[in-house]
Amino acid sequence: MPSKAKTKPTSALSVNTSQKATQEVYFCNLAKLTSRGLTQTSPAAKALGNRQAVVLVDKRVHSLWEEQLESAPILKEAAMLLLPVGEKSKTLPTAETTMRSLAKMGATRNDHYIIAVGGGALLDTAGFIASLYHRGLPIVHVPTTLLAMVDATLGGKTAVNFLGSKNQLGTFHLPVLTLLSLDFLSTLTEEHLRDGLIESMKMAFLSGTRELDAAIHNASKVFEGDQEAASRLILAALRIKSPYIRDDLLDLGKRAHLNLGHTTGHALEAVYGGRISHGNAVGNGILVAMEIARELGSLRKRTPSVIEEMLTACAFTPLMVQDAEHLARLLWGSIGSDKKVSEGRATFVLPLGPGKVELAQVDEETFTRAAARVFRQAVPVLESPLDDDES
Ligand SMILES: NC(=O)c1ccc[n+]([C@@H]2O[C@H](COP(=O)([O-])OP(=O)(O)OC[C@H]3O[C@@H](n4cnc5c(N)ncnc54)[C@H](O)[C@@H]3O)[C@@H](O)[C@H]2O)c1
């Protein structure tokens, strides 16, 4: 997939939040991006002034892209710390070890900033570290998965997993800048692309039919390695997400809609202990939310076929287990231990139809019926956690 990015960074988006913090997003070619080029284009980069960068990079990304990362003008001079890979390392011990390394190298609040290079797990962990170390260092994101480009990079939610639950410790720490380098997409597996596509479909569904049709159209091209289609898809997703961030950075109101598929999704990730990817878990979560809407009588007639079309475009297949009701009960238990159940009910975002979602308080029986309907299949494609319990 040859790079079509120009030498100069091109502005994709700038979000000014009601908290008076701003996040700028640029498409760029990391291999050609110089600090001078960046500071000439981006006001946020100028504000980083003479600070030194410390790069926190996902180990796998580093091993795949070592030559390009070590020679990228903007990263060359910076100290580099390699972080362990993926969801299992999104933990307090990883954050502590990294903060010890920052202290050892003498990083300070006034003189340093972080450049985070990796997927959503790395960005969440690096953001968590940046927000805590010396009460906060500025952070620049270089997302390397499609999922991180369409979603995780925007909006400043940081997190590590804790006590077996997703994102239990976290802060809000808006990156000053995101640098989107589409070349990274070329080393992603089809499953990684599927995960990113699912999050972008979620975003498009929130927006409406036109955006959903465009996302479905772009999805097949993204699988073929079409960078133009990928940049259209990413830009559309970020544009849809940006008003939620602008108006509700601290997630006290409408930002909750972005959690479509996430209540069940996070529970699946917790129950399967990282053996299911975030995007895949969210895809299953959207199906469960749809079935809950059916249970509550609020699902529009055409919505099931719309959701089927959008998930099929991502090459998504639903999770199938033999004892679906048992899995549903385990998931409810996890939602409860995540402190999401209050007075016997948990909040779900229901996909009524494109451009139309609503929050609903759902009890265990309704959830169990809906989830069991999604997961009830004859042939297991992923072992049920029941098997683990029995071993
Ligand atoms: N903060 C937010 O707003 C937000 C939003 C959505 C998701 N998230 C979080 O993002 C995480 C999921 O992100 P993800 O799907 O990017 O997973 P990830 O960061 O775990 O990356 C998935 C895998 O891809 C590898 N990888 C990364 N870039 C690569 C590349 N260019 N080529 C080859 N391999 C590469 C990683 O090493 C990892 O093994 C979850 O923890 C989720 O909670 C956060």
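This report walks through a predicted model of a protein with a bound ligand, from overall build to single residues.

## Overall build

Let's begin with the whole chain. The protein has 391 residues, and its secondary structure comes to 16 helices and 12 strands. Its radius of gyration is 21 Å, which agrees with the value near 21 Å that a compact globule with 391 residues would have. Along the principal axes, the C-alpha trace spans about 60 × 40 × 40 Å.

Buried residues make up 48% of the 391. As for how the chain folds back on itself, take the contacts with a separation of 6 or more: 75% of them join residues 24 or more positions apart.

## Two domains

The protein is divided into domain 1, covering 10-188, and domain 2, covering 254-390. Their C-alpha centres lie 31 Å apart. Where they meet, 7 residues of domain 1 are in contact with 8 residues of domain 2. The domain 1 side of that meeting point has 1 nonpolar, 3 polar and 3 charged residues.

## The nonpolar core

What about the inside? The largest nonpolar core holds 122 residues, and the ones touching the most other members are Ile 114, Ala 116, Ala 289 and Leu 331. Helix 12, residues 278-295, supplies the largest share of this core, with 9 residues. Both domain 1 (10-188) and domain 2 (254-390) give residues to the core, so it lies between them.

Ile 114 is a good place to zoom in. Setting aside residues up to four places away in sequence, Ile 114 touches Val 54, Leu 56, Ala 126, Ala 130, Leu 137 and Ile 139.

## Around the ligand

There are 30 residues around the ligand, and those that come nearest are Arg 60, Gly 119, Gly 120, Ala 121 and Thr 145. Several helices give two or more residues to this shell: helix 3 (59-71), helix 6 (120-132), helix 7 (146-152), helix 8 (190-207) and helix 12. Helix 12 is thus a name to remember from the core, where its share is 9 residues.

Sorted by class, the shell around the ligand has 10 nonpolar, 12 polar and 8 charged residues.

## Helix 11 and what follows

Helix 11 runs over residues 262-271, and 10 of its 10 residues are buried. The buried set includes some polar and charged side chains by name: His 262, Thr 263, Thr 264, His 266 and Glu 269 are among them. Ala 267, Leu 268, Ala 270 and Val 271 are also in the buried set.

Just after helix 11 comes Gly 273, with a positive phi of about 50°.

## Positive phi outside glycine

Most residues other than glycine have a negative phi. Which residues go the other way here? Asn 167 has a positive phi of about 55° without being a glycine, and Asp 251, also not a glycine, has a positive phi near 60°.

Their settings are worth a look. Asn 167 lies in strand 8, residues 165-172, and counts as partly exposed because it has 18 C-beta neighbours inside 10 Å. Asp 251 is found in the loop between helix 10 (227-247) and helix 11. With 15 other C-beta atoms within 10 Å, Asp 251 is partly exposed.

## Two more residues up close

Is Ala 159 buried or exposed? Ala 159 is buried, with 20 other C-beta atoms within 10 Å, which is just what the cut-off of 20 or more asks for. Ala 159 sits in strand 7, residues 157-162. Leaving aside neighbours within four places in sequence, Ala 159 is in contact with Asp 124, Phe 128, Asn 167, Leu 169 and Gly 170. That list includes Asn 167, the strand 8 residue with the positive phi. Looking further out, the C-alpha atoms of Ala 159 and Ile 292 are separated by 28 Å, with their positions 133 residues apart along the chain.

Ser 101 has its place in helix 5, residues 92-104. It counts as partly exposed, given 17 C-beta neighbours inside 10 Å. Ser 101 and Leu 81 are 20 residues apart along the chain, and their C-alpha atoms are separated by 8.0 Å.

Note on methods:
Residues numbered from 1 in each chain as written. Predicted model: local features only at pLDDT ≥ 70, side-chain atom pairs only at ≥ 80, totals over all residues. Helix = DSSP H or I, 4+ residues; strand = E, 2+ residues; numbered from the N terminus. Rg over C-alpha atoms; globule rule 2.2 N^0.38 Å. Buried ≥ 20, exposed ≤ 12 C-beta atoms within 10 Å, placed from the backbone. Contact = placed C-beta atoms within 7 Å. Core = buried A, V, L, I, M, F, W, Y, C linked by C-beta atoms within 7 Å. Domains from an automatic or database assignment. Near = placed C-beta within 6 Å.
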